[in-house]
Amino acid sequence: MSTTFQIDTATSRATPTPQPMKRLTVPKLRARKKDGKTDEPIVMLTAYTARQAQLLDEHCDALLVGDSLGQVIYGLPSTIPVTLDMMANHAAAVVRGSYHSVVVVDMPFGSYEPSPEKAFESAAMLLKASNAAAVKLEGGEAMAQTVEFLVHRGIPVMGHVGLTPQAVNVLGGYGARGRSDAEAEKIVADAKALERAGAFAIVVEGVVEPIAIQVTQAVDVPIIGIGASAQCDGQVLVVDDMLGMFERVPRFVKKYGDLASQITGHVEDYARDVRARTFPTEDQTYQPK
């Protein structure tokens with residue numbers, strides 16, 4: 001039986017232990033949508049570290065190493081400054097921490113737009129360095145030729161239309177897309193172009209719900225929504241947003257937890273114990289035999 005290696009948190013944080021290789025594949029994920037319908041919606045979350053991947057992997061079909069790590073991990077003002085090296089390093093960690101989910105890695109701004117050849121060079125670097133299964137890039141019709149170029153050379157591609165954060169300077173902000181007829185038509189056309197080019201799935205972000213439903217019905221590949229509609233073929237969220245690590249999140253985020261407050265409370269307890277010299281106790285120190 002093939003195996004991959006995970007960190008065994010039951011013993012040492014650094015001790016690898018074999019896990020059964022039951023990883024989903026891109027074709028299996030693509031096949032979730034049959035005859036225009038997806039009976040089992042695709043569950044996807046972002047992940048940036050090995051430990052995150054371990055905790056999410058069992059419950060997800062896909063883990064997205066999103067360029068949102070620029071803001072979530074590095075405190076950058078947008079995704080624009082994110083580099084290939086950042087993406088490769090975090091993607092490798094997520095692959096090491098998972099054995100079930102399809103790992104998809106974002107191609108950062110500037111790494112694929114100049115030409116299909118440039119995109120292939122960047123995508124090949126990401127997959128070689130991380131062992132991820134696929135890349136994701138933003139853009140519709142304008143990127144269709146690039147998507148086709150990559151797919152024909154063995155690189156699976158997930159598309160991304162609607163609100164495309166890397167184009168925030170052109171879009172003028174993070175507002176919902178598809179409110180005008182022209183914009184709605186473009187979003188549908190973009191999704192169709194990516195499907196024809198060979199994308200195995202498409203993220204539709206921040207669009208008004210009727211357009212998200214229209215896109216889902218218009219293409220045969222899975223549509224993964226974020227700020228779109230429950231009728232999409234799957235959903236993705238930034239994991240730190242849904243776990244409540246930030247006070248301010250986009251309106252389309254449902255907070256399933258309040259980790260920020262929990263962490264603050266535990267650190268407050270720790271600080272109090274240290275200052276009172278009540279930690280460490282005998283249980284946390286080594287005594288002479």
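Visitor: Which strands close into a barrel here, and in what order?

Guide: Strands of a sheet pair through backbone hydrogen bonds, either parallel or antiparallel. In this predicted model, eight strands close into a barrel, in the order S5-S6-S7-S8-S9-S10-S11-S12. Their pairing is parallel. Ignoring direction, neighbouring strands of this sheet are turned by 25 degrees against each other on average.

Visitor: How many bridges join strand S10 to strand S11?

Guide: Four bridges join them: S10 covers residues 201–205, S11 covers residues 223–226, and the two run parallel. To find one of these contacts on screen, start at Ile202, whose bridge partner in S11 is Ile223.

Visitor: Let me try strand S7 next. Which strands does S7 pair with?

Guide: On one side is strand S6 (residues 62–65), which runs parallel to S7 and is joined to it by four bridges. Leu64 has Val104 as its bridge partner in S7. S8 also runs parallel to S7, with three bridges between them. There, Asp106 has Lys136 as its bridge partner in S8.

Visitor: How many residues of S7 are buried?

Guide: Five of its five residues are buried, so S7 is mostly covered, where buried means under 20% relative accessible area. Both faces are covered: Val102, Val104 and Asp106 lie on one side, while Val103 and Val105 lie on the other.

Visitor: What is the relative accessible area of Val102?

Guide: Val102, which has its place in strand S7, has a relative accessible area of 0% and is buried. You can also look at Val102 together with Ala62: they are 40 residues apart along the chain, yet their C-alpha atoms are separated by 4.5 Å.

Visitor: Now for charged side chains. How many salt bridges are there?

Guide: Side chains of opposite charge can pair when their charged atoms come close. In this model the count comes to six salt bridges.

Visitor: Which side chain does Lys136 meet in a salt bridge?

Guide: Lys136 meets Asp106, at 2.8 Å from N to O. This pair links distant parts of the chain, with Lys136 in strand S8 (residues 134–136) and Asp106 in strand S7 (residues 102–106), 30 residues apart. You have met these two before, as bridge partners in the pairing of S7 and S8.

Visitor: Are Lys136 and Asp106 buried or exposed?

Guide: Lys136 is buried, at a relative accessible area of 3%. Asp106 counts as buried too, with 4% relative accessibility.

Visitor: Where do Asp190 and Lys186 lie, and how are they spaced?

Guide: They sit in helix H8 (residues 181–197), and because they are four residues apart, about one helical turn separates them. Their side chains meet in a salt bridge of 2.8 Å, N to O.

Visitor: How covered are Asp190 and Lys186, buried or partly exposed?

Guide: Asp190 counts as buried, at 6% relative accessibility. Lys186, with a relative accessible area of 47%, is partly exposed.

Visitor: Which salt bridge can I look for in helix H11?

Guide: Try Asp269 and Arg272, whose side chains meet at 2.9 Å, N to O. Both lie in helix H11, three residues apart, about one turn of the helix. Asp269 is partly exposed at 33% relative accessibility, and Arg272 is partly exposed at 46%. Elsewhere, salt bridges that share partners join Arg32, Glu40 and Asp61 into one network.

Visitor: Which residues make a nonpolar surface patch?

Guide: Tyr270, Val274 and Phe279 make one of about 280 Å². Tyr270 lies in helix H11, which spans residues 259–275.

Visitor: How exposed is Phe279?

Guide: Phe279 is partly exposed, with a relative accessible area of 36%. A residue needs over 30% relative accessible area to join a patch, so Phe279 meets that cut-off.

Visitor: How many aromatic pairs are there?

Guide: The count comes to one aromatic pair. Tyr270 and Phe279 form it, 5.9 Å centre to centre, with 65 degrees between the planes. Planes over 60 degrees apart count as edge-to-face, so this pair is edge-to-face.

Technical notes. Residues numbered from 1 in each chain as written. Predicted model: local features only at pLDDT ≥ 70, side-chain atom pairs only at ≥ 80, totals over all residues. Heavy atoms only, no water. Pairing = 2+ DSSP bridges. Axes fitted to C-alpha atoms, helices over the stretch in contact; angles between N-to-C directions. Patch = residues over 30% accessible without salt bridge, like charges linked within 9 Å, V, L, I, M, F, W, Y side chains within 5 Å. Areas by Shrake-Rupley, 256 points an atom, 1.4 Å probe, with all protein chains shown as cover. Salt bridge = Lys/Arg side-chain N within 4 Å of Asp/Glu carboxyl O. Phe/Tyr/Trp six-rings, centres within 6.5 Å; stacked < 30°, edge-to-face > 60°. Buried < 20%, exposed > 50% of the residue type's maximum accessible area, 1.4 Å probe, protein only.
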